[in-house]
Structure formats: C-alpha cells, structure tokens
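Visitor: I am new to this structure. Please take me on a close look at one part, the interior.

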Amino acid sequence: MGFGHLRGVIFNRRLLICVVTGFSSGLPLFLLLNLVPAWLRSSGVDLKAIGLLTLIQLPYTWKFLWSPLVDRYTLGRLGRRRSWMLATQLTLLIAISLLGATTPAGLTPPIWSDSAALSAFFLHPLTLLALTTALCSATQDIALDAYRRELLPDEELGLGNSIHVTAYRIAGLVPGSLSLILADNLPWSQVFIITALFMLPGIILTLTIDEPDNAAQLPKTLRAAAIEPMREFIGRAGWRHAVWILGFIFCYKLGDSLCTALATPFYLDMGYSKTEIGIVAKNAGLWASVAGGLLGGFWMLRLGIARALWIFGVVQMLSILGFAWLAASTLNANMYVVDVASAHEMSRWLKLAVVVGIEAFGVGI
C-alpha cells in the first residue's frame with residue numbers, strides 16, 4: 001500500500017466524521033463523571049448523596065432496552081439516524097445549560113424508609129436534569145453507533161472505531177480539565193453554559209451530513225426491532241446463560257463507575273484545587289487511558305477475549321487501591337485534614353498524577 005493511498009484511507013471524510021461523533025458522545029458522559037461531582041462537592045453536598053447520584057449512569061448500561069425504539073422510529077425529516085442525533089444533541093445543549101442554573105441546596109442523602117425524602121431527592125431539579133442528560137446522552141450513543149456502523153465500510157470499521165474512542169476520551173478534557181479551571185474563576189452557571197456550547201460541533205455535523213447510503217432496512221414492526229433480536233440472543237444458550245451474561249455486563253464496570261463518580265470530590269477533600277485537578281489529574285488520566293486502551297487491544301489478541309476480561313478486570317480492581325495510598329500519604333492522623341507541610345507542592349502533584357494514571361491505565365485496558 002503506497003503512502004498516498006494510506007493517506008487517503010486515514011484522512012477521508014468518513015473518518016473525520018468519526019472524530020466529531022466521538023467528541024459529541026464523550027462530552028456529556030465526562031460532564032456527569034467529572035464536572036457535576038466537583039460542583040456538588042464544592043457546594044457542600046454530602047458524599048453519600050453524590051454517590052447515590054451515580055445511579056444516573058444506569059442508562060448507559062441499559063440503553064439496549066430502548067435501542068429498538070431508536071431503530072424502528074424516525075423523528076422528523078432528517079432520516080432515522082440524523083433525526084435522533086439532532087433531537088438528543090439539542091436536548092443535551094439545553095439540559096447542560098440549565099443544570100448550572102439549579103442549586104444543589106436540599107440535595108441530601110435520603111432516608112430509604114422515608115418516601116417523602118426519597119421523592120425530594122429523585123425529583124430535585126438537579127437530579128432530573130442530570131438524569132435527562134444521561135438518558136439523552138445514552139440515546140445519542142445509540143444513534144451515533146448505528147450511524148457510524150452504516151457509514152463505514154468493513155475495512156474501515158476498526159480504524160473508525162479507534163478514532164471515535166480516542167476523540168471520545170479527548171472530549172473528557174473539556175468538563176474534566178477546562179471547565180474545572182474555569183470554575184476557579186467563573187460562576188458555576190457560566191461554566192455549565194460554556195461546557196454545553198461544546199455540543200455545537202456535533203449539531204453542525206448532524207445538519208450537514210447525509211444519511212448513509214447503506215442504511216439498514218427499517219424494521220417493519222416494533223416486534224421485529226425488539227423481540228426477535230432478544231429471542232435470538234436467549235435462544236443461543238437459554239435463559240440462564242443470558243441472565244449470567246447480562247449480570248456480568250452490569251457488574252463488570254460497577255465498581256469502577258462508582259470510583260470514577262467519587263474521584264473528583266475525593267481530590268477536593270485531599271486539598272487539591274479545581275485548577276490542580278483540571279491540569280494534573282485529567283491530563284494524566286487521559287493519556288494513560290489511551291495507552292491502556294491501545295495496549296489492551298494488543299494483549300487481547302494474545303490472551304483471547306474471555307481470559308482478557310478476567311485479567312484486565314483484576315488489574316482494574318487493583319489499580320483503584322492507589323486512591324487508598326494517596327489518602328494515607330496525604331492526610332494526617334485526624335483524617336480529611338490536609339498535612340500541608342508533609343510534602344513539596346510538586347510531590348503532591350506527582351502523587352496525584354501517578355495514582356490517576358495507574359487507575360486510568362487499568363480502566364483503559
């Protein structure tokens with residue numbers, strides 16, 4: 001393959017589209033994972049309430065339940081994929097902007113036996129807007145994944161997915177770094193509006209591209225879109241096997257998701273400023289995650305998918321223990337009180353970068 005042909009393969013319009021789709025897909029997720037917990041902790045919200053709010057990530061795990069609806073129905077005249085893309089992107093732009101206008105006041109960990117307290121938590125405007133963001137983000141992912149699969153020929157699918165995932169992770173620098181730095185200098189309401197504006201490239205892309213020429217045939221009925229694929233999945237090895245697979249999918253990233261959601265409040269409690277978190281933690285995490293993803297792909301070829309899942313899962317679990325080491329080396333005997341004289345500023349930054357980098361590497365693989 002000549003250089004000119006290789007350049008034509010890498011820098012074609014289809015793969016450039018994957019850059020924007022990846023960025024649009026990653027931005028709202030990292031906003032929920034990084035920016036919202038930092039905002040809540042800076043506002044004095046209890047860690048239990050922040051931890052409970054991680055339940056809003058469930059749509060990303062269970063989006064397959066309503067993906068048949070996205071596959072079966074079309075919204076407006078833009079086509080089946082683009083209509084869902086535009087609807088979710090516009091809603092995300094509005095929801096993220098409004099999120100910063102709410103106040104975390106009253107968002108306290110509910111007493112499970114108190115129905116009124118539970119209702120107050122889950123019907124709080126902040127909770128509802130965060131859930132709306134998660135639902136629209138997960139639905140956007142369904143439409144973007146379908147569009148990308150229909151757009152790319154088989155020989156470009158691997159490269160296109162790699163570009164999409166890399167752009168997805170780079171998008172984390174906006175809410176996880178830029179927005180945190182801005183939060184030290186601007187009101188939170190303005191920070192969320194600025195962050196929401198980064199959805200505009202995805203909206204512009206959706207309005208300027210065409211539906212794929214090889215778009216999948218529209219299912220004739222909702223049953224054909226939802227029931228038949230599920231029946232085929234269950235019919236492979238029976239109900240018991242299907243339940244084990246779904247349980248494995250649900251639990252595999254659960255611990256990591258909880259850790260990620262509470263990571264930024266943890267850094268704040270360790271005495272790091274939002275600017276330090278934005279510069280040190282998020283940059284160290286991004287590149288370590290990309291490296292882990294690339295190395296994990298190569299290792300998986302040698303190990304096989306089944307063995308790799310278990311080995312990489314253990315690595316991910318052990319990498320989280322770095323946070324315990326960071327806490328023990330940063331706090332004094334009274335806990336949660338920063339021992340400023342214990343280390344030089346650069347040493348504090350290095351500790352944070354190492355712990356975040358190791359954990360992100362585990363997540364990446």
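Guide: What follows is a walk through the interior, one place at a time.

This is a predicted model, in which local features need pLDDT of at least 70 and side-chain atom pairs count only at pLDDT 80 or more, while totals for chains, interfaces and linings use all residues. Residues are numbered from 1 along each chain as its sequence is written, and side-chain values use heavy atoms, with hydrogens and water left out.

Start with the whole. The protein has 19 helices and zero strands. Helices (H or I, at least four residues) and strands (E, at least two) are DSSP runs, numbered from the N terminus. Of the 365 residues, 44% count as buried. Buried means under 20% relative accessible area, exposed means over 50%, and partly exposed lies in between (1.4 Å probe, protein chains only). Contacts often join distant parts of the chain: among those with a separation of 6 or more, 82% are between residues 24 or more positions apart. A contact here means heavy atoms within 4.5 Å.

Now the nonpolar cores. A nonpolar core is a set of buried Ala, Val, Leu, Ile, Met, Phe, Trp, Tyr and Cys residues joined through side-chain atoms within 4.5 Å. The largest one has 53 residues, and Leu40, Phe192 and Tyr267 have the most contacts inside it. Helix α2, residues 13–42, gives the most to this core, with 10 residues. A second, separate core has 11 residues, including Ile17, Val70, Ala143 and Leu144. In soluble globular proteins, nonpolar side chains tend to be buried together.

Leu40 also leads to a loop. Leu53 sits in the loop between α3 (47–52) and α4 (58–62). Its relative accessibility is 5%, so Leu53 counts as buried. Beyond its neighbours within four places in sequence, Leu53 is in contact with Val36, Leu40, Phe121, Leu126 and Thr127. Its C-alpha lies 8.7 Å from that of Ala130, which is 77 residues away in sequence.

Next comes helix α8. It runs from residue 125 to 151, and its 27 residues span 38 Å from first C-alpha to last, close to the 39 Å expected at 1.5 Å a residue. The expected span is 1.5 Å times one less than the number of residues. Of the 27 residues of α8, 20 are buried, so the helix is largely enclosed by the rest of the structure.

Stop at Gln140, in helix α8. Gln140 is buried, with a relative accessible area of 0%. Setting aside neighbours within four places in sequence, Gln140 is in contact with Ser24, Ser25, Pro28, Thr88, Gln89, Leu92 and Met199.

Ser25 turns up again at His164. This histidine belongs to helix α9, residues 154–170. It is buried, at 5% relative accessibility. Apart from neighbours within four places in sequence, His164 is in contact with Cys18, Thr21, Gly22, Ser25, Asp145 and Arg148. Between His164 and Arg148, the C-alpha distance is 9.1 Å, across 16 residues of sequence.

Then look at the rings. The structure holds seven aromatic pairs. Rings of Phe, Tyr and Trp (its six-membered ring) pair if their centres lie within 6.5 Å; planes under 30 degrees apart count as stacked, over 60 as edge-to-face and the rest as tilted. One pair is Phe23 with Phe198: the centres are 6.4 Å apart and the planes at 45°, so the pair is tilted. Phe23 is in helix α2 and Phe198 in the loop between α11 (188–196) and α12 (200–208), so the pair ties together parts 175 residues apart in sequence. Phe23 is buried, at 19% relative accessible area, whereas Phe198 is partly exposed, at 27%.

Another pair is Trp188 with Phe192, with centres 6.2 Å apart and planes at 45°, so it is tilted too. These two residues are four apart in helix α11, so about one helical turn separates them. Both Trp188 and Phe192 are buried. Ring pairs also link Trp39, Trp188 and Phe192 into a cluster.

End at Pro265, in helix α15, residues 254–269. Pro265 is buried, at 0% relative accessibility. Not counting residues up to four places away in sequence, Pro265 touches Pro37, Arg41, Leu47 and Ile50. The C-alpha atoms of Pro265 and Asp46 are 9.8 Å apart, though their positions lie 219 residues apart along the chain.
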